[in-house]
Amino acid sequence: MTDLGTAQRTARKLIAGAARIVGFTGAGISTESGVPDFRSPDGVWARNRTVYYQEFVSSEADRVEYWRQKVEGWPAMRAARPNAGHHAFVALHEQGRLAAMITQNIERLHQRSGLPAELVMELHGTSTEAVCLTCGDRIPMDEACRRVTDGEPAPRCKRCGGLLKPATVSFGQAMPHDVMVRAYAATEACDLLLAVGSSLVVEPAASIPRVAKRAGARLIIVNREPTPLDVIADVVVHGEIGDILPAIV
Ligand code: APR
């Protein structure tokens with residue numbers, strides 16, 4: 001039997017007693033798969049300036065910088081494999097107790113771990129494809145990155161000439177409305193929200209745990225660092241996700 005601390009024992013008990021669990025993840029669940037998160041000391045924002053949506057659409061130089069960052073980060077994302085944290089959510093799904101998997105993550109490790117695509121709600125889109133901002137045509141990220149390295153620093157849509165952008169939601173870009181509606185509905189109907197690997201500082205995603213609490217659900221936060229929502233959580237477990245999640249699920 002793993003020697004669980006009090007917080008882990010309480011989390012384990014709450015999860016065992018829950019029937020309709022909603023998972024909520026941030027980049028912290030994928031660092032053990034080799035994908036850097038954003039706000040850790042070695043995270044994406046420690047090395048890259050943020051290119052806002054308005055800058056992307058209005059400046060060729062900013063589009064070139066945005067694509068440079070994406071092409072640099074793609075190999076680690078592409079090579080990543082799901083880890084014990086992802087598999088813990090699959091276990092809940094296999095027990096029929098995972099009502100939804102809401103994620104801020106863009107690398108599709110939840111889908112690659114075996115969760116059905118319709119269960120995964122990608123609030124911030126995905127980096128696995130590029131999308132034309134004019135006609136909506138999509139191409140695989142492998143193809144988009146190849147075109148950048150082959151001499152198109154900011155590739156355009158082959159169909160209509162529009163701007164191609166990784167299919168993620170940038171700061172200043174509209175959130176996917178239908179995904180947000182489904183995520184809020186699942187959150188309002190759950191009996192426990194398990195928030196894992198997020199600094200919970202980016203809105204509107206970070207409001208999801210609040211919505212769960214307001215709807216009467218239990219809230220468990222698993223994260224290496226404290227978050228602003230620790231104060232409203234029923235249990236907070238600080239430490240490495242790969243160790244904690246299998247022990248409490
Ligand atoms: N185990 C536990 N916690 C971890 C681990 C780990 N192995 N690795 C990282 N963490 C924690 C970090 O301490 C941090 O608090 O995960 C958290 C990740 O926070 P962020 O890097 O801010 O990532 P996230 O919360 O997903 O960011 C939200 O911000 O930049 C935007 O669109 C981007 O979706 C992203 C959003």
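Here are four short exercises, each with a worked solution, on a predicted model.

**Exercise 1. The ligand and its neighbours**

Find which residues come nearest to the ligand, and work out where the ligand lies relative to domain 1 and domain 2.

*Solution.*
- Start with the residues around the ligand, counting those with a heavy atom within 4 Å. There are 23 of them, and E32, F38, R39, S198 and S199 come nearest.
- Next, sort the shell by class: 11 residues are polar, six are charged and six are nonpolar.
- Finally, ask which domains contribute. Domain 1 (1–35 + 82–124 + 175–249) and domain 2 (36–79 + 125–168) both give residues to the shell, so the ligand lies between them.

**Exercise 2. Polar contacts of the ligand**

For F38, W45 and H124, decide whether backbone or side-chain atoms face an oxygen atom of the ligand, and give each distance.

*Solution.*
- Take F38 to begin with: here a backbone N or O atom is 2.8 Å from a ligand oxygen.
- Move on to W45, where an N or O atom of the side chain sits 2.9 Å from an oxygen atom of the ligand.
- Then look at H124, whose side chain places an N or O atom 2.8 Å from a ligand oxygen.
- Now consider cover: on its own the ligand has 730 Å² of accessible area, and the protein covers 96% of that.

**Exercise 3. The second largest pocket**

Describe the volume and the lining of the second largest pocket, then place the pocket relative to the two domains.

*Solution.*
- The volume of this pocket is about 380 Å³.
- Its lining has 23 residues, of which G125, R138, A167, V169 and P176 are closest to the centre.
- In terms of secondary structure, at least two lining residues come from each of β3 (120–122), β4 (125–132), β6 (164–168) and α8 (177–189).
- By class, the lining holds 12 nonpolar, six charged and five polar residues.
- Because domain 1 and domain 2 both give residues to this lining, the second largest pocket lies between them.

**Exercise 4. Two backbone details**

Locate P204 and R108 in the chain, and say what stands out in the backbone at each.

*Solution.*
- Recall the background: most peptide bonds are trans, and most residues other than glycine have a negative phi.
- Check the bond between E203 and P204: it is cis, with omega about 0 degrees. P204 belongs to the loop between β7 (192–196) and α9 (208–214).
- Turn to R108, a residue other than glycine with a positive phi, near 65 degrees. R108 is found in the loop between β2 (98–103) and α6 (109–112).

Methods
Residues numbered from 1 in each chain as written. Predicted model: local features only at pLDDT ≥ 70, side-chain atom pairs only at ≥ 80, totals over all residues. Heavy atoms only, no water. 1 Å grid on protein atoms, 1.4 Å probe; cavity = no way out; pocket = protein on both sides within 12 Å on 5 of 7 lines; lining within 4 Å. Points joined across faces, edges and corners; volume = space filled by probe spheres on them. Helix = DSSP H or I, 4+ residues; strand = E, 2+ residues; numbered from the N terminus. Nonpolar A, V, L, I, M, F, W, Y, C, P; charged D, E, K, R; others polar. Domains from an automatic or database assignment. Polar contact = N/O pair within 3.5 Å; in protein donor to acceptor, adjacent residues only side chain to side chain. Areas by Shrake-Rupley, 256 points an atom, 1.4 Å probe, with all protein chains shown as cover.
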